[in-house]
There are 2 protein chains.
Amino acid sequence: MNQRYPSVLLENAVNEFARLPGIGRKTALRLILHLLRQDDTLVDSFAQSLIALKHEVKYCKVCHNISDAEVCPICLDKSRDSSTICVVENIKEVMAIENTMQFKGQYHVLGGIISPIDGIGPADLEIESLVKRVSHGSINEIILALSTTMEGDTTNFYIYKKLAPYDVKVSMIARGISIGDEIEYADEVTLGRSILNRTLFNESYRM
Amino acid sequence: MNQRYPSVLLENAVNEFARLPGIGRKTALRLILHLLRQDDTLVDSFAQSLIALKHEVKYCKVCHNISDAEVCPICLDKSRDSSTICVVENIKEVMAIENTMQFKGQYHVLGGIISPIDGIGPADLEIESLVKRVSHGSINEIILALSTTMEGDTTNFYIYKKLAPYDVKVSMIARGISIGDEIEYADEVTLGRSILNRTLFNESYRM
């Protein structure tokens, strides 16, 4: 439907909103008309929170998780096991795993998975810095907690091969999560159990 | 799920986004992580478009539609029939009716419908200004094009009674749209036909 908007300002705002994934033009219009009914201060704080996030957010120097400081609270936490590192795609998975309260190690956020179709190769991800962390020698185990998709498998293999020269155990979270599902949508019990029942990389792939 | 966010900035942005209707915290997080992957300029223009809209948008002095000027293009259009006014809830309905290309009159945007449950009474809507437009005497017909819900019916009745003292025909769009459906989601053919086949207010309600 070729919508004609009564205001250029409105059309601009709809265009900006409709760029977001999963937001169509009708939804964008609905959200914007909702914002128009709110106080000025509310809309300003909405817009400012996005600007502040985009300009001021930091990424932890160690694990690349989003952080307000140079090093994130999880990496700074002395009570956590720094010899076990859980490799995840994104911060959503860190949050999901933290919510299971089954994992007391640290994380490494790749920032994505290898996906040739989206033009994402190993160099676009934080894989080199993972190898560097492992090469320092104080890490016993790497737990791969990527989505059980073809891209996840590819990334698992790539990391496994990159870590082969080092004396480190590489494990994967248990495949309690059905193939094709995404980790962030798994329920907490399944996700927590899959961390406890992780299997050695070789056994997982029957090599 | 009691999510713990690794960054206060991130949490603030998620909170702001999750205030929007129909946007939960998981969707908010997904949208924000998408924005984080974009260029700074893109996020800035997104935020600025909202601020600009909120602070600079005007409402047409005549019909209360959103407008960039004091009087909207539809009210200024001399080729349109200024003796027929279509009363709608919101600008979404103006856009939907304009898209049918079946209506050549003008509009009056109420800014909502009477809904006691949401605390919206007649005084919160542009009903007085509609009566004022009618009282100037150059209007032949008022077409009520509100949603066919209980709130819509209530508002129809209220406006009908308010306009009773004046020499003006009050009609309603045909109930081709099933009861309970919202006007903005009707298809263009049905919506266009319902404008052409409008019935007199009395006949619609069998009074």
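This is a short tour of chain A and one of the places where chain A meets chain B. The model is predicted.

**Stop 1: the whole of chain A**

Select chain A. Its C-alpha trace spans about 65 × 35 × 35 Å along the principal axes. Colour by secondary structure, and nine helices and seven strands appear. Now colour by burial: of the 207 residues in chain A, 51% are buried. Turn on contacts and keep those with a sequence separation of 6 or more. Residues 24 or more positions apart account for 56% of them.

**Stop 2: the two domains**

Select residues 8-56 of chain A. That is domain 1. Then select 71-204 in another colour, which gives domain 2. How far apart do the C-alpha centres of the two domains lie? The distance is 34 Å.

**Stop 3: A:R80**

Stay in chain A and select A:R80. This arginine sits in a loop, with α4 (73-76) on one side and β3 (81-88) on the other. Is A:R80 buried or exposed? Buried means under 20% relative accessible area. A:R80 has 10%, so it counts as buried.

Show the side chains of A:R80 and A:E98. They make a polar contact at 2.8 Å. Next, display what else A:R80 touches, leaving out residues up to four places away in sequence. The list has A:I74, A:E98, A:F103, A:K104, A:G105 and A:Y107. A:E98 therefore turns up twice at this stop: as a polar partner and in the contact list.

**Stop 4: A:L42**

Move to helix α3 of chain A and pick A:L42. Its relative accessible area is 27%, so A:L42 is partly exposed. Bring chain B into view. Setting aside neighbours within four places in sequence, A:L42 contacts B:E16 and B:R19.

**Stop 5: α3 of chain A against α2 of chain B**

Keep α3 of chain A, residues 40-56, and add α2 of chain B, residues 25-37. The helix axes are 10 Å apart, and the packing angle is about 50 degrees. Angles from 65 to 115 degrees would count as roughly perpendicular, and those under 35 as roughly parallel. This pair is therefore oblique. Which hand does the crossing of α3(A) and α2(B) have? The crossing is right-handed.

Finish with the side chains. From α3(A), show A:L50, A:L53 and A:K54. From α2(B), show B:I32, B:L35, B:L36 and B:R37. These are the residues through which the two helices meet.

How values were computed: Residues numbered from 1 in each chain as written. Chains lettered and ligands numbered in written order. Predicted model: local features only at pLDDT ≥ 70, side-chain atom pairs only at ≥ 80, totals over all residues. Heavy atoms only, no water. Domains from an automatic or database assignment. Helix = DSSP H or I, 4+ residues; strand = E, 2+ residues; numbered from the N terminus. Buried < 20%, exposed > 50% of the residue type's maximum accessible area, 1.4 Å probe, protein only. Polar contact = N/O pair within 3.5 Å; in protein donor to acceptor, adjacent residues only side chain to side chain. Contact = heavy atoms within 4.5 Å. Axes fitted to C-alpha atoms, helices over the stretch in contact; angles between N-to-C directions. Parallel < 35°, antiparallel > 145°, perpendicular 65-115°, else oblique. Left-handed = near helix turned anticlockwise from the far one by under 90°.
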